[in-house]
Amino acid sequence: MARVHCVRIPCVHIDPATGLLRAVRQVLSPHFDARPKGSAPDLIVVHGISLPPGEFGGAWIDQLFTGGLDPGAHPYFRNIAEQRVSAHALIRRDGQIVQYVPFQARAWHAGESQYDGRPACNDFSIGIELEGTDDLAYEDAQYESLGTLVRALLAAYPSLASERVVGHSDIAPGRKTDPGGAFDWPRLRRLLA
Ligand SMILES: [Zn+2]
């Protein structure tokens with residue numbers, strides 16, 4: 001079991017047998033499948049998401065990632081409700097972590113993407129969503145949870161590395177902008193140092 005030093009949020013433990021976080025809210029998604037044979041996760045992708053855009057705190061992200069988003073609940077949802085997407089985990093504005101997909105499985109978060117010449121980043125990455133927008137500062141509690149979660153992942157999966165943590169915008173430039181200019185990369189690097 002991977003254990004990491006606790007800061008101000010509860011310890012994050014990853015069960016290596018299941019790829020699930022212990023003592024974390026889980027909303028398991030049907031939107032995942034197996035990684036290609038022999039593929040271990042070696043990249044962490046940080047995303048930003050809010051539903052509807054710019055609004056926080058609703059149940060909509062859980063619903064989108066589990067295929068239960070009501071297309072009639074908001075005009076924006078009409079175009080996205082049918083998308084079969086997910087991430088491994090979400091960090092809400094208050095720092096709460098929600099897990100949707102076991103880490104060893106392939107979540108569907110990156111879309112058409114490429115890193116270091118390698119396409120299809122879902123095959124070899126772990127996707128972590130931060131509830132937020134490109135332009136609004138992410139919360140202190142989110143950085144703390146993200147730092148703790150990434151450190152737990154680095155301990156649990158030796159194929160990962162702290163210098164291989166990137167943004168969605170890095171692997172899908174021109175198509176995706178999240179987590180946006182609001183995300184403080186030096187701050188995350190300090191948390192991982
Ligand atoms: Zn994204």
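Helices (H or I, at least four residues) and strands (E, at least two) are DSSP runs numbered from the N terminus, and two strands pair if DSSP finds at least two bridges between them. The model shown is predicted, so that local features need pLDDT of at least 70 and side-chain atom pairs count only at pLDDT 80 or more, whereas totals for chains, interfaces and linings use all residues. Residues are numbered from 1 along each chain as its sequence is written, and side-chain values use heavy atoms, with hydrogens and water left out.

**Figure 1. The open six-stranded sheet.** The strands of this open sheet follow the order β3-β7-β6-β11-β5-β12, and their pairing is mixed. Its edges are formed by β3 and β12 (165–167), each of which pairs on one side only. At one edge, β3 runs parallel to strand β7 (residues 97–99), to which two bridges join it; Q26 stands opposite Q99 in β7.

**Figure 2. Strand β11 and its two neighbours.** Burial is expressed as relative accessible area: buried means under 20%, exposed over 50%, and partly exposed in between (1.4 Å probe, protein chains only). Strand β11 (residues 125–131) is mostly covered, with seven of its seven residues buried. The side of β11 towards which S125, G127, E129 and E131 point is opposite to that taken by I126, I128 and L130, and all of these residues are buried. Strand β5 pairs with β11 in the parallel sense over seven bridges, and I44 stands opposite I126 in β11. Strand β6 (residues 89–91) also runs parallel to β11, through three bridges; here A89 is the residue opposite I128 in β11.

**Figure 3. The zinc site.** Donors are N, O and S atoms within 2.8 Å of the metal (3.2 Å for Na, K and Ca); water is not among the atoms, so sites may look incomplete. The protein donors of the zinc ion are H47 (ND1), H168 (ND1) and D178 (OD), at 2.0 to 2.1 Å from it. Along the sequence these donor residues follow the spacing H-x120-H-x9-D. Distant parts of the chain are linked by the pair H47 and D178, which are 131 residues apart: H47 belongs to strand β5 (residues 43–49), and D178 to the loop between α3 (168–171) and α4 (185–192). H47 counts as buried, with 1% relative accessibility, and D178 is likewise buried, at 8%.

**Figure 4. The largest pocket.** On a 1 Å grid over the protein atoms alone, a pocket is an open set of points where a 1.4 Å probe fits, with protein on both sides within 12 Å along at least five of seven lines; lining residues have an atom within 4 Å of a point. Grid points are joined across faces, edges and corners, and a volume is the space filled by probe spheres set on the points. The largest pocket has a volume of about 630 Å³. It is lined by 27 residues, of which G48, I49, Y76, K176 and D178 are the closest to its centre. Strand β5 and helix α1 (60–65) each supply at least two lining residues, and β5, with three, gives the most. By type, the lining divides into 10 nonpolar, 12 polar and five charged residues; Ala, Val, Leu, Ile, Met, Phe, Trp, Tyr, Cys and Pro count as nonpolar, Asp, Glu, Lys and Arg as charged, and the others, Gly among them, as polar.

**Figure 5. Salt bridges.** A salt bridge is a side-chain nitrogen of Lys or Arg within 4 Å of a carboxyl oxygen of Asp or Glu. The structure holds nine salt bridges. One of them joins the side chains of R22 and D15 at 3.2 Å, N to O; R22 is partly exposed, at 33%, whereas D15 is buried, at 17%. Another joins R25 and D62 at 2.6 Å, N to O. This pair links distant parts of the chain, with R25 in strand β3 (residues 25–26) and D62 in helix α1, 37 residues apart. R25 is partly exposed, at 37%, and D62 is buried, at 8%. The side chains of R187 and D140 meet at 3.1 Å, N to O. R187 lies in helix α4 and D140 in helix α2 (residues 140–156), so this salt bridge ties together parts that are 47 residues apart in sequence. R187 is partly exposed, at 24%, as is D140, at 47%. In addition, D33, R106 and D123 are joined into one network by salt bridges that share partners.

**Figure 6. The surroundings of L21.** L21 is part of strand β2 (residues 20–22) and is buried, with a relative accessibility of 4%. In sequence L21 and F103 are 82 residues apart, and in space their C-alpha atoms are 8.9 Å apart.
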